Amino acid sequence: MAMLEPNNDHDQQETQSFSLESLLCEEEDAFESLEQETSDKKCNFDLVKEDLSWEDEELVSMFSREKQTHVFVEEKDHSMVVARRRAIEWMLKVKAYFGFTCLTTFLAINYLDRFLCSFEVDNEKPWMMHIAAITCLSLAAKIEETKVPTLLDLQVVNNSTYMFEAKTIQKMELFVMSTLRWRMNPVTPFSFLDHITRRLGLKSDLHWVFYRKCEALFLSAVCDGRFVRYLPSILATSTMLHVIHQVEPSNAVDYQNQLFSVLKITKENISGCYELIGNIPNTFWIDQRNSHKRNYEEIQDAKNETIDVY
């Protein structure tokens, strides 16, 4: 999978001069029950109609900023597609294990995709993709989570094949942030979801079901490399429309028109993404009820098996 993102030539030269090998040598399901309880309830999804000029200004800003960190993906290299998928599968298992938010995981995947646009990972050295995944998830957790596991604890989930010293990942973190031009708070579909739900007010349980379903669908979509081509606003709108049809099918058309009006997006703009979302399998939906904390002895055993990769 070849990923392309417009970059400054000087930045590209600095990025390519960095050697991962030299670095290493230096060494959800709570909403289901809520949905059942509220499935027969009616709720108003009408957006607030009062003067919210400051909200509109925020929306204009998000539309402008979303293009600054958007990556354009062209899937050519099958081995890279597989490597990306495995990296994301690992991230989702870590999410379930430590109870990370959906936004944390989405940010980590965003960082990974943008990083891969600027740095070519050697497919014959799978540890390169793995340390990139660890680094991106660590950075996202530090930004979004209130409790962040240590860099070694982060790696013991799912019996990782490779274990890296904390100092190695810390150096990798600096390299990734530099490669991303320190843009660690990009506009995501969550930005538009938060905007819309703030206008809704989230007054009822069904509003929360709407929000949680959108979160889960965002993660399912981002696991599929085909969705990376779509701007966050397009993915957010397509997702929200799908969920509205699930939770309020009788009034879906009215809410759809309101959504298009607020986001200033047409049905034609989202047709491709909307159709693709309808075909998403639930392969990557992690059941939070199966997550659990591993005991201290198990984590310590994994730490003792930390290896160096040259």
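# A tour from Phe227 outward

Start by selecting Phe227, which is buried, with 2% relative accessible area. The model on your screen is predicted. Phe227 sits in the loop that joins helix H10 (205-222) to helix H11 (232-247).

Which residues does Phe227 touch, leaving out those up to four places away in sequence? Show Ala221, Leu235, Cys273, Leu276, Ile277 and Ile280. Keep Ile277 highlighted. Phe227 and Ile277 are 50 residues apart along the chain, yet their C-alpha atoms are separated by 8.8 Å.

**Step back to the whole chain**

Zoom out now. The protein chain holds 14 helices and 2 strands. Of its 310 residues, 51% count as buried. Switch on a surface view if you like: the accessible surface is about 15,200 Å², and 49% of that area belongs to carbon and sulfur atoms.

**Helices H11 and H13**

Select H11 and H13 together. Their axes come within 9 Å and cross at roughly 55 degrees. Why are the two helices called oblique? An angle of roughly 55 degrees falls outside the ranges for roughly parallel (under 35), roughly perpendicular (65 to 115) and roughly antiparallel (over 145), so H11 and H13 are oblique to each other. The crossing of H11 and H13 is right-handed.

Now show the side chains where they meet. On H11, pick Ile234, Leu235, Thr237, Ser238, Thr239, Leu241, His242 and His245. On H13, pick Asn269, Ile270, Cys273, Tyr274 and Ile277. Some names return from the first stop: Leu235, Cys273 and Ile277 are among the residues that Phe227 touches.

**Lys264, just before H13**

Move to Lys264. This residue is in the loop between helix H12 (252-263) and helix H13 (267-277). Is Lys264 buried or exposed? Lys264 counts as exposed, at 64% relative accessibility. Check its backbone too: phi is near 55 degrees, a positive value in a residue other than glycine.

**Arg181, another positive phi**

Go next to Arg181. Look in the loop between H8 and helix H9 (189-200). Phi of Arg181 is near 60 degrees, again positive in a residue that is not glycine. Arg181 counts as partly exposed, because its relative accessibility is 31% and that class lies between 20% and 50%.

**Helices H5 and H6**

Select helix H5 (residues 78-98) and H6. The axes of H5 and H6 come within 10 Å and cross at roughly 155 degrees. That angle is over 145 degrees, so H5 and H6 are roughly antiparallel to each other. H5 passes H6 in a right-handed crossing.

Colour the contact. Arg84, Ala87, Ile88, Met91, Leu92 and Lys95 come from H5. They meet Cys102, Thr105, Ala108, Ile109, Leu112 and Asp113 in H6.

Stay with Thr105, which is found in helix H6. Thr105 is buried, with a relative accessible area of 0%. What is Thr105 in contact with, leaving aside neighbours within four places in sequence? The list is Met91, Leu92, Lys95 and Leu219. Of these, Met91, Leu92 and Lys95 are in the H5 side of the contact you just coloured.

**Aromatic rings**

Finish with the rings. The count for this model comes to 10 aromatic pairs. One of them is Phe115 with Phe119, a stacked pair with 5.4 Å from centre to centre and 15 degrees between the planes.

Are these two residues buried or exposed? Phe115 counts as buried, at 0% relative accessibility. Phe119 counts as buried as well, at 6%.

Add Phe175. The ring centres of Phe119 and Phe175 are 5.4 Å apart and the planes stand at 80 degrees, so this pair is edge-to-face. Which parts does the pair tie together? Phe119 lies in the loop between helix H6 (102-118) and helix H7 (126-144), while Phe175 lies in helix H8 (residues 166-179), so the pair ties together parts that are 56 residues apart in sequence. Phe175 also counts as buried, at 6% relative accessibility.

For the last selection, take Tyr97, Phe98 and Phe100. These three residues form one aromatic cluster.

Technical notes. Residues numbered from 1 in each chain as written. Predicted model: local features only at pLDDT ≥ 70, side-chain atom pairs only at ≥ 80, totals over all residues. Heavy atoms only, no water. Phe/Tyr/Trp six-rings, centres within 6.5 Å; stacked < 30°, edge-to-face > 60°. Buried < 20%, exposed > 50% of the residue type's maximum accessible area, 1.4 Å probe, protein only. Helix = DSSP H or I, 4+ residues; strand = E, 2+ residues; numbered from the N terminus. Areas by Shrake-Rupley, 256 points an atom, 1.4 Å probe, with all protein chains shown as cover. Contact = heavy atoms within 4.5 Å. Axes fitted to C-alpha atoms, helices over the stretch in contact; angles between N-to-C directions. Left-handed = near helix turned anticlockwise from the far one by under 90°.
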